[in-house]
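Reader: I'm new to this one and would love a close look at a single part, the place where the two chains meet. Could you walk me through it, and then show how that part fits with the rest?

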Amino acid sequence: MKKKSESRASKYPLQKKILMELKIAVFIILVSVTNLFATHTYSQVVKVTLDMENKPLEQVMDEIESQSEFYFIFNQKQIDVERLVTIRKEEKLIDEVLNDVFKGTDIHYMVLDRKILLDNEPLDEEMKAISMASDLLQEVIRGTVTDAETGEAMVGVNIQVKGTTIGVITDIAGKYSLQSGVDPNATLVFSFIGYQTLEVPVSGRMIVDVQLQSEVLGLEEVVVIGYGTQKRSSLTSAVSDFKGDELTRSPVSNAPQALQGLAAGVIVMDRGGAPGKSEAIVRVRGVTTLGSGDPPLVIVDGVEQSMQDLNPDDIESLTVLKDAASTAIYGSRAANGVILITTKRAKSDGISVNYDGYFAMQKIAFKPEFMDLESYMRLQNWTHVNAGRDPRFTEEQIQTWLSTDDRITYPLPMPWWEDGVVLSNAPQHNHTLSLSGGSDEFRTQLNINYYNQDGIIGNSNSEKKEIRLNTDYKVSDRIDVSADLNYRIKDWTSPSETSVFWDMYHDSNWGVPKYPDGTYGVGTEAGSPLVDVELGDLYFYKTNQGIITTKGSIKIIEGLKFSTQYSLNLYDYYYKRHRKEYVIYDYFNKENIVKQRRPNRLYEVRNKSFESTWNNLLTYDANFGKHELHALLGHSDISHQSWNLDARRRNFYNNDITSISEGDASTQTNTGGDSEWGLRSFFTRLSYNFGLKYLLEVTARYDGSSRFTGKNKYSFFPSMAVAWVISNEPFWESLKNTVNNIKLRASWGQTGNQAVSLYSYFESLSTDNYSFGGSTVVGYRQSTLANKDISWETTTQFNIGLDAKLWKDKIGVIFDYYVKTTEGILLTIPIPSVIGLNAPPQNAGKLQNKGWEIELNYNNTTPSNLYYSIGLNLADNRNEVLDLAGTGPYRYGSMNAFFTIDQIGYPTRSYLGYETDGLLTAADIDAGYPTHDPGMVEGDTKYVDQNNDGKLDAEDYIVIGSEMPHYSFGITGRSAYKGFDLYMFIQGVGEVNAMPVGALREIGNWDGFTLPFQNDYWTPDNKDAKWPRPCDQTVRNSVSSTLWVLDASYIKLKALQLGYTFPSSISNKLHIQKLRIYLSGTNLLTLSEVVKWGIDPEFPSGRVNYYPQVSMRTIGLNITW
Amino acid sequence: MKNLKYIILMLFIFNISGCEPDLLDTIPTDRITTEIFWQSEKDALGASTAIYNYLNANSKHNYIRITDEAHCHNGLSSEGYIKAGVIDAENPSTILSVWANRYEGICAANYFLANVDKIETDDPALIPRLKGEVRTLRAYCYMDLAFLYGDVPLILEVIDIDEAREVTRTPVDQIWDFIGQELTAAAADLPLTQKDVGRITKGAALALKARAMSYCGRFQECADAAKAVMDLGVYDLYPSFKNLFTYEAENNIEVILDEQFIKNYRSNNMYNKFAPYSTGNPSDSPIVGVKQILDAFEMKNGMRINEPGSGYDPYNPKANRDPRLSYSLYTMGDTLLNGQIFQPQPGSGTADELGVYSGSTLTGLLPKKYQNIEDLGTSSNSGINIIIIRYADILLLYAEAKIELNQIDQSVYDAINKVRQRPDVGQPAIINDGKTQDQMRDIVRHERYVELAFEGPRFFDIRRWRIAEDVLNVPIEGYTFVIDGNLWTAKDPGFVTNFDPTKHYLWPIPKKERDLNKNLTQNPGY
């Protein structure tokens, strides 16, 4: 029976939804769909004969349906089907029949082709249109979804008609129904988080019951690897891979942030950051060169790119290649690890439209607390008294300051940190609309992204607009062609954040931010962060990036395929720094200038670069019985050129005129330069396995780089890996119930690093001008020694690993241990200054990273349909300088600021300074204990004379800490229950240090920001103090020492998200297939020793004059039509 | 072959990407390869020009903070550390940067001298002249090295890294021998004047020789060289001391050698070094004057202020003083370049009030030389030439050398009196009444102190005279104000000067340099 008489809560929601879909489609793609509304004439042809007396309406309808292809659609609540009807008609058109049947009732009808709509309200044209469209659908399908293992009904399973946007979600009993019918030949796609997606052909059935298998932790997943893909089961190397939706669980500002804490051995230091400038540092298995290291190579769809500006919503998959077996195929650029990203491509037939968006409010995540007023004033008195001067404030002044409310005459020491003065909450929002679909022959995915973020300080904003169009042509069974286009515009404006935050801590004490008449106030050191924000420098930056890729592949014979890819990457940026001029007058005496800056200046940079990548791959895949073979032969050319021009002028008419030619021409200067480099590579990979039991993989890359000359131009990077799947051995059968899969892996390989400046082998002169008698004269001078022997850094990595699945894949374990040794580190090793030239980079030095990683995953669904999963990853990396080629150790920075060293036996850039041993006592002074400077007395810091030579000097500095974290971990928890989903992400690092510089370690000596707990300083009455004797304008107690080495280990609740997916009954009312709403928070809680210092543990050591990390509160929407 | 068209399509993709045969052979366009250099006169001129940057007058000028003329307002500066005696082989960074910078200049000179003969030119005088300039510049760099570090490696050829790791310290006497001979030889090839104003002349080479010989106490050679400069007939005193450091007076008859600058193009920060905070100096570490130099200026009658009957009035300290005081120092009540009055006294409410801003003076005194209205408000963009050696310096060196040689004749008095009696100075002449050598030594040293204040020579003078511990190890004091009828002297008691004569007459050999070359020994005490 075709009659649809089940009760429905709304009228024709599905049809309405489809119409909306079509409207959007029309709107966006501008494709005419008017032909869908073409007139049908069935009702004008077919006739029916009825002869019924006092029969229920239901029987009359049955009779009509049995005589014709007509069927009725109505809502049982609205239509009384029991009403008795009498009708006699012979060979009449349906209109006439219905007219009789419903005459005198409140029932309205409408015939649309074979469909008869009934309603108790007049039916309008829109309904007509809806109904016409729904004619594409024929059958009704229903069924129940259960868990294959437990047999329990599953709630909230998403069911979609493949190739369409029609979809529903199972109800509380695990039941679903596709209410208005589906093509009997359609395929249904069942998906649920944590379960394998199942595709079931309808094959004419009305009832389709399915059982879903819980997700086998990626067992047969295909993993993206270098220049190809591989089944996880045949992997022999250490990789971590993620699907796009795992990366976008919580709203992030950029892709590196999304990767944080997900993969063992991948450390992302999220340095928060100002809008558009976020600096997340990504390190794979430690730093492989001396210094802070280079970022990993990021390959997006086969082309090297930066990860920073990539829209996380565009990511289909992300793979981190960690060991040399997986990275060696990228040869000279792979030493820092490789991250492979693929972007989303259209998969299904038909059109699907998605919207992901959020709106967030940002607030400062870590706000330092200032010492209370009285303590601070008394501290200031001590700084002056200890410097041999009179107290800075009299007791009377202190009492006045404490008791008054007049903060104009008696300003507070650090008023800038109050809400709304400099810092305020700021919005951030992001929207991605995607349209995907097509046919077998032609499919496209269009992603449009808009991102906007305001800064938590004024004049600070970033905006990003991006379009990505990925297009696939299947031109024949053997030939595929794709063409991708990606274009993004990003800009940001900001004041000088380093000045602003410098003044938040330094040089701005005792200032009134703004007087009642709008006059700016400045601190006693003439600093004001508010002036920096509102009157200071304004930076403007705009970047355009366009990446166009075309790719073709042809199957030559079965198993043998050739593909070629050509990509153009155009990148340009435009940067403008406008230094405004201003004069600030004294509020109390308008004659006096308290701060001024002039003239105004403009500095403008234009940079363009162009990079082409050409990859050619020949692949061969074959199976001979139990032997499986995959071979790859490849070639790659990368050519890069860039051009840079910058210009400066001063003396603009006013601060609003900022075009370069408006400045004073006599002040103009400009500089510029061109550069280019090339990379030519040949590579191969051979993978073999026997019955998926014994696996072997060999890769090799031969890389040539324009950065080197002579015999060093080309270098060779091999790797080898073996694996043994023990669980596929017959003897394992008995253990399969507990450990159903276990694989042992081992690999060895070499990778390189060519991060050396261009032309460093080139002996050359550069200009070094002078002036004679009022005119500039060009001078030439060789400034840097050339090193013709310069070559690659080579990193050799050994890795053993174990992959296991326990209890039918419920638990997954991945363990790896590695030793990674970098030799011939390209390093500008100091050379004797008597040579008079800057040192060239040399291949010297040896560094090792050793560590282990473990990833654990557990997921489960309880009988009551509560799904949950926990992912845990933990890694340890130890970095050690092994050799400095007989030179060194090398020190960087200075005792008064940030002082580091590269020394054999310690991690690169370890902190250097004195060891402290409390404070100097009177007895120490009497005994002639050595001091850092002659002015030091009782109460000053007691530095340890390491070599007992009776003096404190450079020989007494020791390694006192390291910024390189040892342990890092991430915990992700996911849970879903009846439409609700919860995501929690905890992340942290262990055994790492931080060191503040500047105000935070001066304890008021330079009139800077001072923390409450620093009140415990030495005075004659407080000799047991934690902190040394304050003394104005001295640094003797704030030089680099163990006193300032902080434990920066932390645990952060990085993200918490609660989502709710509306049941289809509701979302359908809104004409939406799937509607999810979520609330989310980031940086919610941090446990760390440094928090009380107001320091974000992820930030670099230093003067803390950087834009701070923010905590976000987000509301977001995911909609699928 | 229905797929033919697609194969063509793929071949097309293949083709547009193309294969660049020279992909890996990139040639830079932002630098000049040494292979094409050393061919024309232009190359010789260009390579000599670059070395003039090592005159370094601007940064060397900061040493005045390590003297009894000026104080490093901001204790964090390198000079502050040196003055406080906090100096070792590694800190402050000046220890290494000065060493490295001078050898950079020496290397550039060696490189020039090793290659310049490749150039063919029709002008036979050109190459010898340029060599003379470059040799003078090289000797100039060695003068600093020998004075500051004592024994230093004497490197006169281009060396490679391995050689650089092996060089040893040449005894300082040999360095002075070299400097003396080199400057004499260079002077022989140099012209009296240069078409390019600012290039080294015969007079400059000889004047530097006089200075170098004073550094090492070879007074006969010093006197001879100074006399040779005086006999050239090229130089004389500029009539106005007041205007000597103005743009208008650039390249005047008194200037023997200066470092040349042009506003906007090659500028210095002479204005920022001294300018009062209220005149828009954004620098928060100006160089401030100290009480010692203020008190050193004589009374107009030629008497020292502490001499009985000098007429000095501490309540009116500026009255009846040597005019050079007001030409050299900003003191209370002076009119500033912006027309406002300099009021550093406590409670003045101006931006110059003592210690109110970190940029306001701590002593109430600021040097005035090189302060020009043209630079008002254009910070770090002064185009004023910085004088390295001027004729008055040579006259006083001549007098000093003769006194040290005990050849005190009328020419000594004449030289000193010529300086004292510049038209707008007009201090009473020193009378030749049979003064002793000690008396004359005191007179000439005093004259150098006040005449050349804040110009740089004092740093070297107090060290070569071995008086640094006496004049430096005193409390830092400034101007004496009259407050409510009482005298009150500004001071910086938090800063303790520490000059240790057992070691501080030489700087340490930089640790980094010794780490890289085990043959380098260290100076005593470090």
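Author: Here is a walk through the interface, followed by the salt bridges and strands around it.

First, some ground rules: this is a predicted model, where local features need pLDDT of at least 70 and side-chain atom pairs count only at pLDDT 80 or more, while totals for chains, interfaces and linings use all residues. Residues are numbered from 1 along each chain as its sequence is written, chains are lettered from A and ligands numbered from 1 in the order in which they are written, and side-chain values use heavy atoms, with hydrogens and water left out.

Now to the interface. If contact means heavy atoms within 4.5 Å, then 102 residues of chain A touch 99 residues of chain B. The size of an interface is often given as the accessible area lost when the parts come together. Here the two chains, A and B, bury about 8100 Å² between them, with 61% of that on carbon and sulfur atoms; buried area is the accessible area (1.4 Å probe) that two parts lose on being put together, summed over both. Three residues stand out on chain A's side: Tyr770(A), Phe772(A) and Val834(A) supply 10% of the area that chain A buries against chain B, more than any other three residues.

What about polar links? The rule finds 20 residue pairs in polar contact across the interface of chain A and chain B, both residues being at pLDDT 80 or more. A polar contact is a pair of N or O atoms within 3.5 Å; within protein, one must be able to donate a hydrogen and the other to accept it, and residues adjacent in sequence count only if both atoms are side-chain atoms. Strand β33 (residues 664–690) of chain A gives the largest share of the side of chain A that touches chain B, 10 residues. Helices (H or I, at least four residues) and strands (E, at least two) are DSSP runs, numbered from the N terminus. Sorted by class, that side of chain A has 43 nonpolar, 37 polar and 22 charged residues. In this sorting Ala, Val, Leu, Ile, Met, Phe, Trp, Tyr, Cys and Pro count as nonpolar, Asp, Glu, Lys and Arg as charged, and the others, Gly among them, as polar.

Side chains of opposite charge can pair when their charged atoms come close. The rule for a salt bridge is a side-chain nitrogen of Lys or Arg within 4 Å of a carboxyl oxygen of Asp or Glu, and it finds three of them across the interface of chain A and chain B. One pairing is between Glu90(B) and Arg891(A), at 2.4 Å from N to O.

The chains also share some strand pairing. Two strands pair if DSSP finds at least two bridges between them. Strand β37 (residues 764–767) of chain A and strand β1 (residues 32–33) of chain B do so in the antiparallel sense over two bridges, with Ile32(B) as the bridge partner of Leu765(A).

Stepping back, the whole structure has 95 salt bridges over all chains. Lys542(A) forms one with Asp491(A), their closest N and O atoms being 3.1 Å apart. This pair links distant parts of the chain, 51 residues apart: Lys542(A) is in strand β27 (residues 538–557) and Asp491(A) in strand β26 (residues 479–495), both of chain A. Buried means under 20% relative accessible area, exposed over 50%, and partly exposed in between (1.4 Å probe, protein chains only). On that scale Asp491(A) is buried at 13%, whereas Lys542(A) is partly exposed at 29%.

Another salt bridge joins Lys1054(A) to Glu1098(A), with the closest N and O atoms 2.7 Å apart, and both of these residues are buried. In chain B, the side chains of Asp117(B) and Lys131(B) meet in a salt bridge at 3.1 Å, N to O. Asp117(B) lies in the loop between α5 (94–115) and α6 (126–149) of chain B and Lys131(B) in helix α6 of chain B, so the pair ties together parts that are 14 residues apart in sequence.

Finally, chain A as a whole has 13 helices and 59 strands. Its C-alpha trace spans about 125 × 75 × 65 Å along its principal axes, and buried residues make up 58% of the 1121 residues in chain A.
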